[in-house]
Amino acid sequence: MIHVVAVITAKPGQRAALLEAFAANRAAVLAEEGCIEYGATIDAQGVPTSKASFGNDTFVVIEKWETLAHLQAHAVAPHMKAHSEKTKELTAGKLIHVLEPV
């Protein structure tokens, strides 16, 4: 199994719009062969802000894929290319961590 932690930073004030676009694309990703989990998360409310907090412009996508090949197919899927094009003006940065269990 492959795990992905994708840290997505929106341009200032654009996180809500970026999350809306993510939500619109989510069903297509979940329907992909090999997709086990694909969801967006934000800093938990009620937890004091710390150096580890992501802040108001960032969200983290937690993904699980059956195999690396499934993740690689996801990366070039037509709906992902369209999503990337649609959201490029909203996005300030992305850090994609591809991991495997030990």
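Modeller: Two strands count as paired if DSSP finds at least two bridges between them. Keep that in mind as we look at this predicted model.

Biologist: Okay, so in which sense do β1 and β4 pair, and over how many bridges?

Modeller: They run antiparallel, with eight bridges between them. One place to look is T9, which stands opposite G93 in β4.

Biologist: And what about β1 and β3: how many bridges are there?

Modeller: Eight bridges join β1 and β3, again in the antiparallel sense. Go back to T9 and you'll find T58 of β3 opposite it.

Biologist: Let's turn to salt bridges. How many does a search of the whole structure find?

Modeller: Here's the general idea: side chains of opposite charge can pair when their charged atoms come close. In this model the search turns up two salt bridges. In one of them, the side chains of E37 and K64 meet at 3.8 Å, N to O. E37 belongs to strand β2 (residues 35–41) and K64 to strand β3, so this pair ties together parts that are 27 residues apart in sequence.

Biologist: Now pockets. How much space lies in the largest pocket?

Modeller: A pocket is an open set of grid points with protein on both sides, and a lining residue has an atom within 4 Å of a point. The largest one here holds about 440 Å³ of space. It has 21 lining residues, and E63, H74, M80, K94 and I96 are the closest to its centre. Two or more lining residues come from each of β1 (2–10), α1 (15–30), β3 (58–65), α2 (68–75), α3 (78–87) and β4.

Biologist: How do the residues of that lining divide?

Modeller: For the largest pocket, you get 13 nonpolar, six polar and two charged. The second largest pocket has about 210 Å³ of space, and its lining divides into four nonpolar, five polar and two charged. Residues lining that second pocket include R15, I42, D43 and N56.

Biologist: I noticed I96 in the first lining. Where is its place in the chain?

Modeller: I96 sits in strand β4 (residues 91–99). Together with L68 and V98, I96 also forms a nonpolar patch on the surface, and the three have about 260 Å² of accessible area together.

Key:
Residues numbered from 1 in each chain as written. Predicted model: local features only at pLDDT ≥ 70, side-chain atom pairs only at ≥ 80, totals over all residues. Heavy atoms only, no water. Patch = residues over 30% accessible without salt bridge, like charges linked within 9 Å, V, L, I, M, F, W, Y side chains within 5 Å. Areas by Shrake-Rupley, 256 points an atom, 1.4 Å probe, with all protein chains shown as cover. Salt bridge = Lys/Arg side-chain N within 4 Å of Asp/Glu carboxyl O. Helix = DSSP H or I, 4+ residues; strand = E, 2+ residues; numbered from the N terminus. 1 Å grid on protein atoms, 1.4 Å probe; cavity = no way out; pocket = protein on both sides within 12 Å on 5 of 7 lines; lining within 4 Å. Points joined across faces, edges and corners; volume = space filled by probe spheres on them. Nonpolar A, V, L, I, M, F, W, Y, C, P; charged D, E, K, R; others polar.
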